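Q: Please take a close look at one part of this model, beginning with a single side chain and working outward to what surrounds it. I would like a connected account, with the cut-offs stated wherever a term depends on them.

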Amino acid sequence: MTDDSGQGELVDAIGSELIRLQRIRDRTVAQIAALSKGEIDPAAFTCLFRLIADGPMRSGALAEALFSDPSTVSRQVAHLVERGFVERLADPADGRASVLAVTTVGHELAQQMRRRRNDNLSRVLADWPDSDRREFRRLLALFVDGYEHRRPEMLAAMHAANKVHAANATTREDQA
């Protein structure tokens, strides 16, 4: 999809800021993990917060909710179970299967993390007028909703581009 409406520079600037934010966030997460001496696996806590938001569920459903690979989620859940933040319970719908549920200790940890996150965000937004904070929240929700909605299209476009690239590479090899 090309943008001939003059918005290309704006879209590129937004993309650059998102990359910048991701780099800063990745570095901060790595520093937090180092400070915790490996006790905190930041990726695992995404599972914890999803389980708190949606309630007990099977590991496969959790992977789908997180748009993640089941083997990755399984490893992250094992980290949470090992530390007592999540437990496996018999699935009420099928006793042969299990669901993942957050423990009391997991809820307490999540509350601590949420307070820390909110304190940190409050620092970042401290000098912003209330109207800007509200507008940012509205626009960020709009952006995330749009991203989630358009995600299948983005993946399909990437898949199609990969097919074209592979076909072109095969053609070049045949010509050589």
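A: Asp54 is partly exposed, with a relative accessible area of 43% (buried means under 20%, exposed over 50%, and partly exposed in between, with a 1.4 Å probe and protein chains only). The model is predicted, and local features need a pLDDT of at least 70, side-chain atom pairs count only at pLDDT 80 or more, and totals for chains, interfaces and linings use all residues. Residues are numbered from 1 along each chain as its sequence is written, and side-chain values use heavy atoms, with hydrogens and water left out.

Asp54 forms a salt bridge with Arg50, the closest N and O atoms being 2.8 Å apart (a side-chain nitrogen of Lys or Arg within 4 Å of a carboxyl oxygen of Asp or Glu). The two residues are separated by about one helical turn, because they stand four residues apart in helix α2 (helices are DSSP runs of H or I with at least four residues, numbered from the N terminus). Arg50, at 29% relative accessibility, is partly exposed as well.

The helix that carries this pair, α2 (42–54), also supplies at least two residues of the lining of the largest pocket, as do α1 (8–35), α5 (104–125) and α6 (130–175). A pocket here is an open set of points on a 1 Å grid where a 1.4 Å probe fits, with protein on both sides within 12 Å along at least five of seven lines, and its lining residues have an atom within 4 Å of a point. About 2,800 Å³ of space lies in the largest pocket, a volume being the space filled by probe spheres set on the points. Forty residues line the largest pocket, and the closest to its centre are Leu21, Arg25, Arg117, Leu121 and Leu140. With twelve residues, α6 gives the most to the lining of the largest pocket. By residue class, the lining of the largest pocket holds 27 nonpolar, four polar and nine charged residues; Ala, Val, Leu, Ile, Met, Phe, Trp, Tyr, Cys and Pro count as nonpolar, Asp, Glu, Lys and Arg as charged, and the others, Gly among them, as polar.

One contact between α2 and α5 can be followed through Ala110, which lies in helix α5. Ala110 counts as buried, at 1% relative accessibility, and its C-alpha atom is separated by 7.6 Å from that of Leu48, although the two residues are 62 apart along the chain.

From here the account follows α6. The second largest pocket has a volume of about 340 Å³. Among the eleven residues that line the second largest pocket, Phe143, Gly146, Tyr147, Arg150 and Met154 are the closest to its centre. Both α1 and α6 supply at least two residues of the lining of the second largest pocket, and α6 gives the most, seven residues. The lining of the second largest pocket divides into seven nonpolar, two polar and two charged residues.

Arg150 has a salt bridge of its own, for its side chain meets that of Glu153 at 2.8 Å, N to O. Glu153 and Arg150 are separated by about one helical turn, because they are three residues apart in helix α6. Arg150 is partly exposed, with a relative accessible area of 45%, and Glu153 is partly exposed, also at 45%.

Met154, likewise in helix α6, is partly exposed at 38%. Met154 joins Leu10, Ile14, Leu18, Leu21, Trp128, Phe136, Leu140, Phe143, Val144 and Tyr147 in a nonpolar patch on the surface, with about 1,000 Å² of accessible area together. Patches are made of residues with over 30% relative accessible area and no salt bridge, like charges being joined within 9 Å and nonpolar side chains (Val, Leu, Ile, Met, Phe, Trp, Tyr) within 5 Å, and accessible areas come from the Shrake-Rupley method with a 1.4 Å probe. Helices α1 and α6 each supply at least two residues of the nonpolar patch, and the largest share, six residues, comes from α6. Leu21 and Leu140 thus belong both to this patch and to the residues closest to the centre of the largest pocket.

To return to charged pairs, the structure holds ten salt bridges. Beyond those of Arg50 and Arg150, Arg58, Asp91, Asp94 and Arg96 are linked in a network of salt bridges.
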